[in-house]
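Visitor: Could you take me through one part of this protein slowly, as if I were new to reading structures? I would love a close look at the aromatic rings and whatever belongs with them.

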Amino acid sequence: MYAIVENGSKQYKAEVGQVIKFEKLSGNVGDKVELPVIMVSDEKGIKVGKEVAGFKFVGEIVEQGKDKKVVVFKYKAKKNERKKQGHRQPFTAVKVLEISKKTAAKANKTEEAPAESAEAK
């Protein structure tokens, strides 16, 4: 079973037990992270759209760090124009703990709360 999760308008394929490098997330090592699920694939088939509304992605932050340096060198021939820059992209390594369907009790509570307030009016 795997899921496609979204973070920072990028999508990542996640499987349980895998470690994924996301763009920098706020949090410390050991914190739990929940991200929105876009698609789920299991033995029953592929689920997208409203079918994945009941799924959740839970991961644990393993590491906060920076990637290898990327060197950017700009050069214009015959103009004596040279510019060298470097960049290290910060990342957060997250270990996937579970990709599962949300419990029915939590889903029912969120659905019942708006209905009760509507009846009171």
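**A close look at the aromatic rings**

Guide: Let us begin with F57, which has a relative accessibility of 1% and therefore counts as buried, since the cut-off for buried is under 20%. Please keep in mind that this is a predicted model.

F57 has a partner. The ring centres of F22 and F57 lie 6.5 Å apart and their planes meet at 80°, so this pair is edge-to-face, a label that applies to angles over 60 degrees. Where do F22 and F57 lie along the chain? F22 belongs to strand 3 and F57 to strand 7 (residues 55-66), so their pairing ties together parts that are 35 residues apart in sequence. F22 has a relative accessibility of 2%, and therefore F22 counts as buried too.

Now stay with F22, because a pair of aromatic rings can be described by two things, the distance of the centres and the angle of the planes, and there is another pair to describe in this way. Y12 and F22 are 4.6 Å apart from centre to centre, with 75° between the planes, and this aromatic pair is edge-to-face. Y12 sits in strand 2 (residues 10-15) while F22 sits in strand 3 (residues 19-23), so this pair ties together parts that are 10 residues apart in sequence. Both Y12 and F22 are buried.

How many aromatic pairs does the count come to? The count is 2 aromatic pairs. Put together, the ring pairs link Y12, F22 and F57 into a cluster.

Rings can also have a charge sitting over them. The charged end of K13 sits over the ring of Y2, at 4.5 Å from the ring centre. In the same spirit, K21 has its charged end over the ring of F91, 4.4 Å from the centre of that ring.

Before we finish, here is a short detour to the backbone. Most residues other than glycine have a negative phi. K78 is not a glycine, yet it has a positive phi of about 65°. This residue lies in the loop between strand 8 (70-76) and strand 9 (81-87), and K78 is exposed, with a relative accessible area of 85%. N80 is also in the loop between strand 8 and strand 9. Although N80 is not a glycine, its phi is positive, at about 55°. With 68% relative accessibility, N80 counts as exposed, because the cut-off for exposed is over 50%.

Terms used. Residues are numbered from 1 along each chain as its sequence is written. This is a predicted model: local features need pLDDT of at least 70, side-chain atom pairs count only at pLDDT 80 or more; totals for chains, interfaces and linings use all residues. Side-chain values use heavy atoms; hydrogens and water are left out. Rings of Phe, Tyr and Trp (its six-membered ring) pair if their centres lie within 6.5 Å; planes under 30 degrees apart count as stacked, over 60 as edge-to-face and the rest as tilted. Helices (H or I, at least four residues) and strands (E, at least two) are DSSP runs, numbered from the N terminus. Buried means under 20% relative accessible area, exposed over 50%, partly exposed in between (1.4 Å probe, protein chains only). A charge sits over a ring if NZ of Lys or CZ of Arg is within 6 Å of the ring centre and within 35 degrees of the ring normal.
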